[in-house]
Amino acid sequence: MREIERKYETTDDGAPSGGLPELAGVAGIAQVRDEGVVTLDATYYDTPGQRLAADGITLRRRTGGGDAGWHLKLPVGPDVRDEIRAPLADALPAHLAGLVRSRVRGHGLVPLVHLLSERNVRHLLDGDGTLLAELSADRVTARRLAPAPGDPVSWTEVEVELAEGGDPAFLDTLEPHLTDAGLRRADLPSKLARALAETGPHREGGKPGKRDKKSGQKKMGQKKAGKKAAAEATAGDAILDYVRRQITAIVTLDPAVRLDTPDSVHRMRVATRRLRSAFRSYRKVLDRAVTDPIGAELKWLAAELGIDRDREVLTARIAERLSEVPVELRLGPVAARLEIWSHARRTGSRDRLTGVLDGERYLALLDTLDALLADPPLRPAAARPAAEVIRKAVLRDYERLADRLGPALDAPSGPDRDVVLHTARKDAKRARYAAEAARPVLGPPAKAFAGLMTEVQELLGDHQDSVVAREALRELAIQAHAAGESTFTVGLLYGREEARAAARERELPGLWAEVSRPEHRAALEP
């Protein structure tokens with residue numbers, strides 16, 4: 001379930017644990033119904049190094065209330081988390097263990113913090129009696145369990161959790177009434193985060209929830225400092241930052257892939273490709289003797305992620321083309337034949353992919369990526385100014401693409417040209433990723449250049465998709481013929497794909513002429 005909630009704290013230390021503001025008649029609230037007080041007893045688990053907490057993830061075993069059991073919360077965005085629940089059991093359920101495996105790996109989980117909350121609950125209802133949100137005041141007592149038991153700390157906080165399917169704008173409407181009642185937004189996102197801050201061994205004086213009166217000025221200063229740091233960064237700093245973001249994306253998307261979240265497989269696959277491409281484009285910064293073996297493992301992972309996605313995309317393309325054919329020209333059971341063909345190529349990808357993500361090879365790759373960041377294999381160019389090194393890398397990838405496309409544009413249509421154009425597509429993608437990595441350093445010119453490379457990549461990608469679709473349609477025609485079915489419509493689809501590829505080939509010279517205009521390259525020059 002998706003949890004959308006905001007946490008508040010009192011502006012003084014003397015608020016009673018059951019104190020809640022009166023909200024009836026404001027923000028569309030017609031009735032406030034008292035749901036009583038419940039006691040919630042939760043133990044939070046993490047690795048000894050708090051790898052889950054570092055990523056804003058909470059894993060707990062809780063009794064009390066109406067949802068006793070194991071709860072895993074994954075951050076989605078500000079005020080938003082996805083919560084996955086499992087029934088109450090002594091041991092962590094296997095599917096929840098899988099969802100945290102990309103972070104935990106071989107480090108193991110230990111009881112980290114114990115929280116006891118006395119929760120005073122009220123339901124906020126509209127005029128029809130529909131639940132808008134749940135308002136609660138929690139008197140929390142927290143005690144650190146690891147690395148060693150500590151003294152308990154206590155605090156009071158107020159939560160507003162939006163009802164399922166509710167409009168997040170309701171929380172914005174409600175907030176001024178809460179602040180007028182003496183509450184303020186909490187600085188820390190969860191009870192666990194506050195408990196760790198309050199009981200941490202390196203805690204400095206004062207409560208972590210207290211706001212710095214100069215925080216606004218501080219943030220502005222940090223922003224300016226960030227811009228200055230980007231301008232003064234070394235090539236190693238810039239590329240390692242990009243590499244770190246791609247590694248974070250892979251680890252973060254792991255649970256989403258296991259949960260079959262839409263587009264998660266594609267996004268994880270793109271992160272592996274971006275990372276592998278960075279290793280090749282910025283070989284003057286990172287030693288390829290180290291990164292090439294990692295790149296080979298990333299290529300393996302991308303292939304595993306793509307086994308069924310490529311089939312699904314291809315099937316969807318052919319199905320869309322079939323839907324464009326007039327009914328009177330659809331002869332034979334073409335849609336059924338396509339489904340049979342597609343089903344025969346399914347690999348049981350959910351179980352297979354989960355097995356890959358649970359496997360030693362994948363977990364070893366994640367450990368290797370961590371080691372790369374901990375001890376990066378920097379070459380001498382890594383110490384040079386970022387703009388100088390990165391600009392040359394982007395232009396080098398552009399020239400590689402130009403060298404590939406030149407002969408391809410002059411070659412006659414046919415299988416040989418298809419192969420060259422497919423390779424050029426990969427080169428365009430590499431140049432695009434190199435420019436994306438350059439954006440923090442080179443700014444708008446790198447963004448514009450990446451956009452141009454994307455146009456080339458997409459045109460060449462559509463051409464290659466047509467090549468693959470025609471191969472699939474030929475298989476479909478053979479199967480249909482063997483079954484005594486009409487192949488007229490399949491042949492029509494083949495012809496349309498052939499025409500589409502030819503149209504892309506005619507468009508390519510004009511697009512390339514635009515992309516290769518001198519001013520586009522000059523924009524990257526100092």
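In which helix is Arg 311 found? In this predicted model, Arg 311 belongs to helix α9, which spans residues 288-323. With a relative accessibility of 9%, Arg 311 counts as buried, because the limit for that class is under 20%. The side chain of Arg 311 is joined to that of Ser 342 by a polar contact of 2.7 Å. When neighbours within four places in sequence are left aside, the residues in contact with Arg 311 are Ser 342, Arg 345 and Arg 346, and Ser 342 is thus named both in this set and in the polar contact.

The setting of this residue is a protein with 17 helices and 9 strands, whose C-alpha atoms fill a box of roughly 80 × 65 × 45 Å when taken along the principal axes. Of the 526 residues in the protein, 44% are buried. Among contacts between residues at least 6 apart in sequence, 72% join residues that are at least 24 apart.

Individual pairs of residues illustrate such separations along the chain. Gln 479, which has its place in helix α15 (residues 444-482), lies 142 residues from Arg 337 along the chain, while the C-alpha atoms of the two are separated by 8.2 Å. Arg 337 is also in contact with Gln 479, as are Trp 341 and Arg 345, once neighbours of Gln 479 within four places in sequence are left aside. Arg 345 therefore appears among the contacts of Arg 311 and among those of Gln 479, contact being defined by heavy atoms within 4.5 Å. The relative accessible area of Gln 479 is 27%, and Gln 479 is accordingly partly exposed. A second pair is formed by Arg 352 and Glu 304, which are 48 residues apart in sequence and 8.8 Å apart in space, C-alpha to C-alpha. Arg 352 is found in helix α11 (residues 349-358) and, with a relative accessible area of 39%, is partly exposed.

Helix packing was examined next. Two packed helices are described by the angle between their axes and the distance between the axes. For helix α7 (residues 235-258) and helix α12 (residues 360-374), the axes come within 11 Å and cross at roughly 150°. Since angles over 145 degrees fall in that class, α7 and α12 are roughly antiparallel to each other, and α7 passes α12 in a left-handed crossing. On the α7 side the contact involves Leu 240, Val 243, Arg 244, Ile 247, Ile 250, Val 251 and Asp 254, which meet Tyr 362, Leu 366, Leu 369, Leu 372 and Leu 373 in α12. By class, the residues of this contact comprise 10 nonpolar, no polar and 2 charged.

Helix α14 (residues 415-442) takes part in two of the packings described here, one with α13 and one with α8. Helix α13 (residues 386-410) packs against α14 at an angle of about 165°, with the axes 9 Å apart. This angle makes α13 roughly antiparallel to α14. The crossing in which α13 passes α14 is left-handed, and the residues of the contact divide into 19 nonpolar, 1 polar and 7 charged.

The packing of helix α8 (residues 264-281) with α14 has an angle of about 85° and an axis separation of 9 Å, which makes α8 roughly perpendicular to α14. From α8 the contact draws on Val 270, Arg 273, Arg 274, Ser 277, Arg 280 and Ser 281, and from α14 on Lys 429, Arg 430, Arg 432, Tyr 433, Ala 434 and Glu 436. The residues of the contact between α8 and α14 divide into 3 nonpolar, 2 polar and 7 charged.

Finally, the backbone geometry was considered in the loops. Most residues other than glycine have a negative phi, and most peptide bonds are trans. Ala 27, in the loop between β1 (2-10) and β2 (31-46), has a positive phi of about 55° although it is not a glycine. A positive phi, near 70°, also occurs at Asp 79, which lies in the loop between β4 (69-77) and β5 (80-86); at 26% relative accessibility, Asp 79 counts as partly exposed. A cis peptide bond, with omega about 10°, joins Ala 146 and Pro 147, and Pro 147 is found in the loop between β7 (131-144) and β8 (153-162).

Conventions
Residues are numbered from 1 along each chain as its sequence is written. Side-chain values use heavy atoms; hydrogens and water are left out. Helices (H or I, at least four residues) and strands (E, at least two) are DSSP runs, numbered from the N terminus. Buried means under 20% relative accessible area, exposed over 50%, partly exposed in between (1.4 Å probe, protein chains only). A polar contact is a pair of N or O atoms within 3.5 Å; within protein, one must be able to donate a hydrogen and the other to accept it, and residues adjacent in sequence count only if both atoms are side-chain atoms. Axes are lines fitted to C-alpha atoms, for helices over the stretch in contact, and angles run from 0 to 180 degrees between N-to-C directions. Angles under 35 degrees count as roughly parallel, over 145 as roughly antiparallel, 65 to 115 as roughly perpendicular and the rest as oblique. A crossing is left-handed if the near helix is turned anticlockwise from the far one by less than a right angle, and right-handed if clockwise. Ala, Val, Leu, Ile, Met, Phe, Trp, Tyr, Cys and Pro count as nonpolar, Asp, Glu, Lys and Arg as charged, and the others, Gly among them, as polar.
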